[in-house]
Amino acid sequence: MTNVLTIEQLSYKHNLKTILENVDLTLETGKIVGLLGENGAGKTTLMRLITGSAKGSGTITVCGDRAVAHQKSNVSFTEQLKGFRANTKIDRIVDFYRAVYPDFNGQRFEELVTFLQIDTSLRLGALSKGMKEKVVIALTLARQTHLYLLDEPFSGIDSMSRKRIISSIIKWKPDDATMIISDHYVSEIAPILDEIVVVKDHTIYTHRQSDEIREEFGLGIEAYYESLYEGGVNHD
Amino acid sequence: MKFDDKVPIYYQIKNYLYHEMMTGTLGPGDKLPAVRQLAVDLTVNVNTVQRALGEMITEGTIESQRGKGNFVTMDTNRITQLKEQLVIEQLERVYNELHALNLTDEQILTSLQTYIERRGQQHD
Amino acid sequence: MTSFGTLFKVMSRDRFRLVNKIILAELAVIAVTLLWSLMTSGVEGGEIFGVTGAWSFPTFWIVFIMLSVANERVFTRDTYRLIPIGETKLYTVNLLSAFAMILYFAVVQVIFYLVTMMAEKDYLLRLFSDISGGPDTATAVKATLGMFILGLSIIIMGLTTISLVHLTVSATNNFLPNISRRAVDIVLYIIVIYLLVRIAIFVFNEINNFGSLLSTGMQTQFILNICGVLVIALVEAIINVFLLKKWVETIPN
């Protein structure tokens, strides 16, 4: 199996405070990976470093490429609506995407819009939190690329929307693409995760297969994750 | 379907499919849903479904036909065997639990008998 | 990968809309001003041209400020920074798009002047013929063109300078502790004010020397000035791209 992402000796400081230190991480293609950690642990920062939105030291290779522009074309990240004003219509944002991302698949987007029940004639400022997240998910998944970064796609979302989003992830993630989903609320997405990566103490504390955790420790993902903070489980 | 997060998901998917086969929802020779569809229906990862199906193909309970999909085996012996295996697994669990409560084999038998009789009465 | 042309079109679309809105507002203000004159003292000869010219200046500043805000937003928003295109191209497209829109605005203003001039042709011609000993047409055209090019060069430099300050602040903010950040901001504000004063003095001098521009001896000096402005803009642009590549991060949610 080939690797979609290789991170070596990545460190990042913000205002002289260490956020991440000596991060090494390799992810294979075709996986769904849960990125877990407390609020402020550096999950979002790690994603931002992968996209080049934040600048750290160390090397990040996406699909064997280190050139920034190529990396960007291989990554679809959920943080992208900040540049639009509140009165922008969703349709117009879609036009922007269609124009700017050559891998944006209009048909996939239409399917996602139907499935997630999105009304694209609304304005950005008029969307509820759940609807906004659905729009972001639809835009992110409509691109056909190799690495998807979903930053806390479920925070503050009602359970029906959450279920729809999870289903759309299973339905539309390309087989040869890897998806990283960050969350601090694990139980809902646990069944869809191939592996988990825990960010703790400024680095990757654990990187394990989910079913391996269940087999080896007889623990649920959530219980295992919590045990890391209580020091209950011996890990390597 | 609701999963127990403590048990490997691929194992639970297998059990789910076994259950479908035992109850007849999936008869011998029936086509299984496509991998992605199964993943969506069960809200699990495609890779995990693939692993479960892979193991079932190896053990011969389902057969993969290139380009057509996966089918429940036509081999009724294999299905009967599977059923026996599942029954034994369940019995083993109950036996071990009761044994752990310091019940002798005799006591286990009688308590099971009384239990079944009582349930029978409740149902009348 | 996104192409240069596609991105230019996408970026300019919104800015074009913005500039058009401002031009419409300008027209409305001009109309109101003229209406006011009509009701109070009556519209005098040359007033339509005068009012249009007078409102043109503040409108230009609004356009410039709004466009540079749009310009700077691009550097710190993931919406734009995630687009699969190199930083140099992103920067160039962004700058070109802002510049093209300012040029568009300028052309529209020139059309306004010409139209209003036509409307008051008789009066203005009489006015011009009264000024005796003025420069001949060829020199006048050359001077106007010269000032126009100088103006455009200064606008480009204005845009690169604003970016330079913004990107420097943004880059230093990432690695300095909060207290020194404030100090850096203050120092930068002082530098900006100093630069603005310098530019103002430079422009003022150029306008003062406008007369001598007409004499051929000063032409080389004038062209050198334009080149100087453009070289500064180029150096700033190179530093900006470097900052973008190395240090400038987007604003997280």
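How many residues from chain A and from chain B does the contact take? In this predicted model, the contact between the two chains takes 23 residues from chain A and 17 residues from chain B.

**The interface of chain A and chain B**

About 1600 Å² of area is buried between chain A and chain B, and carbon and sulfur atoms give 47% of that area. Of the area that chain A buries against chain B, 35% is supplied by A:Ile170, A:Pro191 and A:Asp211, which is more than any other three residues supply. Across this interface there are 13 residue pairs in polar contact, both residues of each pair being at pLDDT 80 or more, and there are also 2 salt bridges. On the side of chain A that touches chain B, at least two residues come from each of the helices α6, α7 and α8 (221-230) of chain A, and α6(A) gives the most to this side, with 4 residues. When the residues of this side are sorted by character, they divide into 11 nonpolar, 3 polar and 9 charged.

**Salt bridges**

Over all chains, the count of salt bridges comes to 20. Three of the pairs are set out below with their distances.

| Pair | Closest N to O |
|---|---|
| A:Lys43 and A:Glu152 | 3.6 Å |
| A:Glu188 and A:Arg162 | 2.9 Å |
| B:Asp5 and A:Arg214 | 2.9 Å |

The side chains of A:Lys43 and A:Glu152 meet in a salt bridge, and this pair links distant parts of the chain, with A:Lys43 in helix α1 (residues 43-51) of chain A and A:Glu152 in the loop between β6 (147-151) and α6 (159-172) of chain A, 109 residues apart. Both A:Lys43 and A:Glu152 are buried.

A:Glu188 forms a salt bridge with A:Arg162, and here too distant parts of the chain are linked, since A:Glu188 lies in the loop between β7 (178-183) and β8 (195-200) of chain A while A:Arg162 lies in helix α6 of chain A, 26 residues apart. The two partners can be described by their relative accessible area: A:Glu188 has 25% and is partly exposed, whereas A:Arg162 has 14% and is buried. A residue counts as buried under 20%, as exposed over 50%, and as partly exposed in between.

Which chains does the pair of B:Asp5 and A:Arg214 join? B:Asp5 forms a salt bridge with A:Arg214; because B:Asp5 lies in the segment before α1 (9-23) of chain B and A:Arg214 lies in helix α7 (residues 210-217) of chain A, the pair joins two chains. B:Asp5 counts as buried at 19% relative accessibility, and A:Arg214, with a relative accessible area of 2%, is buried as well. Elsewhere, salt bridges that share partners join A:Lys55, A:Lys72, C:Arg81 and C:Glu87 into one network.

**The buried side of α8(A)**

Where on α8(A) do the buried residues lie, on the same side or on opposite sides? The buried residues of this helix are A:Ile221, A:Tyr224, A:Tyr225, A:Ser227 and A:Leu228. Around the axis they cover an arc of only 155°, and therefore they lie on the same side of α8(A). This fits a general feature of the α-helix, which has 3.6 residues a turn, so that residues three or four places apart point the same way. The buried residues of α8(A) pack against β3 (32-36), β8, β9 (203-209) and α7 of chain A.

Note on methods
Residues are numbered from 1 along each chain as its sequence is written. Chains are lettered from A and ligands numbered from 1 in the order in which they are written. This is a predicted model: local features need pLDDT of at least 70, side-chain atom pairs count only at pLDDT 80 or more; totals for chains, interfaces and linings use all residues. Side-chain values use heavy atoms; hydrogens and water are left out. A salt bridge is a side-chain nitrogen of Lys or Arg within 4 Å of a carboxyl oxygen of Asp or Glu. Buried means under 20% relative accessible area, exposed over 50%, partly exposed in between (1.4 Å probe, protein chains only). Contact means heavy atoms within 4.5 Å. Buried area is the accessible area (1.4 Å probe) that two parts lose on being put together, summed over both. A polar contact is a pair of N or O atoms within 3.5 Å; within protein, one must be able to donate a hydrogen and the other to accept it, and residues adjacent in sequence count only if both atoms are side-chain atoms. Ala, Val, Leu, Ile, Met, Phe, Trp, Tyr, Cys and Pro count as nonpolar, Asp, Glu, Lys and Arg as charged, and the others, Gly among them, as polar. The arc is that of the directions from the helix axis to the C-beta atoms.
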